[in-house]
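Hi,

Here's the structure I promised to pass along. Have a look first, and my notes follow underneath.

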Amino acid sequence: MKYGRREFINTLLGAGGIGGLASILYPVFQFLVPPEVTEPQVSSLKVGAVGDFPVNSSKIVRFGRVPVILIRSDRDTFKALAATCTHLDCIVQYNQARKQIICACHNGVYDLSGKNISGPPPKPLAVYSVSIVDDQVMITQEKDLA
Amino acid sequence: MKRTRIIKQYLLIFAGITLLGTANLLAESKVNTCLDCHVENDIMPGDFLEEDVHQHSEISCAGCHGGDPEAEDMDESMSADAGYIGIPSRQEMPAFCGKCHSKIEYMRVFQPRIPTDQVDQYYTSTHGKKLLSGDKKVAMCSSCHTSHGILPAKDTRSSVHPFNIPQTCNQCHGDADLMASTSHGTSQYEDYAGSVHGKALIERSDTGSPACNDCHGNHGAAPPGAESISHICGSCHLNNMEFFKTSVMGQLSESADYHSCEQCHGNHSISEPSDELLNVNESSLCLECHSDGDEGYVAAEAMYTQIRQTDSLYQAAIIRLKDIQIKGMNDVDIQYVLKDAKQNLIQLRTMVHTFDPVQVKEKAAEGKELSAEAISLAGLEISEFNQRRMGFGISTLAFVLLAFAVFLKIRQIDSNKKSD
């Protein structure tokens, strides 16, 4: 069968049409499928059920781009504080025995309200609000931090 | 014997001033003929400030200087009978201020938590001891606090606010004439101002950085002894002190009477620490004591190599991070990993004070792993970016082809119509 000018144009039209359609549909499809990463700009975050956090324990959670330390110091008390030390940005840890927040880099110490009480940290840790909604622990950025 | 007599004399002066001062304080009233007369005749003290802490607490001139502030007649108000003390000598000054400041019953009315041991502390200081021995040039209360413009130490205008303390001390310690009889020299302020601590406090107003009094003490100011240096530095640099205390170097430092931290870092002119201090070349501190091939030399070289390798990998990861930020790709995960890598690097550099290459190597391995993970994550993002760019190129080509095909088809249809 002779492959003439007409067939060539039809093939070109078909290929271009399919390519063009795919170029439109692919981004639409990508938009409809949820992204794998968490949206960085968050103002509130659900971190799990109350039972997931044993008494006198802590967990570092990702609050968008900021690490936040959630501490359950006793049965009814949850605290959420910025987990970045105000001295040189190291990640702080909860010391269960002392019930204090410690920075391992230079031994900075904060109390459970985030106040810097010993060592080199110049400022307190930023405080986040914690609320329990339907047995789920929610961390919310306070307005003055936004 | 002479010393005992001098101490007895001071105790008598102190007791006398206390009695007179208390009597005057009790007789405090709003009428102040001292101020009226001194203002009228323009003979106010040069450093007088309306906001002076004593003025604020309604302690009048007579509260310190004695006399009768209600008497209209100058001779009467400034008579010995009225308890007038006048201007105290430098030797009398600690007792003069201490008549109130050493009495908790009196001071707690103004500040419940105020310390009242300043005079006791002062006489343990180098300044106080010299004053007792008859040195008339040495600093006493008003040398640092001023006389009539005393502001609370929290007030940034106060001569004893952390921002101003280096300059306050430098008034005397930078004066070559005053320091001529000592072995101190006069470069402390210049040394401090150029140091890592001085730059933080003076240039960046970081009150977390120590001023003179944080290491030397306030009223009990004295040069730190060799045995107290690591404790003083360790009050802020806790991990460094802990590592150092348990290290071979720390134990040697105690037995060989080295000046611990000061031995390597100096005192007033402490520079920002650099990895190069460990390097085994001209910049090395270690080579001041160690020489090529000995145990210390090998340890320094090993620790330096580990730190540089870890830092290089971290810097490479930072470059990748910036690259993906420029490309507009997701950098959240990489930032989290790099936070840990940065933390590791800080801890690694602190760990140098263990002087143990094995511990340093273990810590460095963790840091290298974190930076490698960040580089790998960045690689995935860059590959995703390239994939998107290629997809964009292909779709552009498809649209161009489509447009060209449509153009040709239209021409074909037109040509068919004409031939029909």
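One thing up front: this is a predicted model. I began with the domains of chain B, where the assignment gives domain 1 (1-150), domain 2 (153-223), domain 3 (224-262) and domain 4 (295-389). Domains 1 and 2 of chain B touch each other, with 13 residues coming from domain 1 and 9 residues from domain 2. On the domain 1 side, the elements of chain B giving two or more residues are α8 (118-122), α9 (126-132) and α10 (141-145). Sorted by class, that side of domain 1 of chain B has 9 polar, 3 nonpolar and 1 charged residues.

Next, the chain-chain contact. Chain A puts 26 residues in contact with 27 residues of chain B. The most on the chain A side comes from helix α1 (residues 5-32), which gives 10 residues. As for classes, the side of chain A that touches chain B has 14 nonpolar, 8 polar and 4 charged residues.

Last, a residue I looked at in more detail: Pro121(A), which sits in the loop between β8 (116-118) and β9 (127-133) of chain A. Is Pro121(A) buried or exposed? Pro121(A) has 24 other C-beta atoms within 10 Å, and because 20 or more is the cut-off, Pro121(A) counts as buried. Setting aside neighbours within four places in sequence, its contacts are Cys85(A), Thr86(A), His87(A), Cys103(A), Gly108(A), Tyr110(A) and Asn116(A). As for Cys105(A), 16 residues away along the chain from Pro121(A), the C-alpha atoms of the two are separated by 11 Å.

Cheers

Notes. Residues numbered from 1 in each chain as written. Chains lettered and ligands numbered in written order. Predicted model: local features only at pLDDT ≥ 70, side-chain atom pairs only at ≥ 80, totals over all residues. Domains from an automatic or database assignment. Contact = placed C-beta atoms within 7 Å. Helix = DSSP H or I, 4+ residues; strand = E, 2+ residues; numbered from the N terminus. Nonpolar A, V, L, I, M, F, W, Y, C, P; charged D, E, K, R; others polar. Buried ≥ 20, exposed ≤ 12 C-beta atoms within 10 Å, placed from the backbone.
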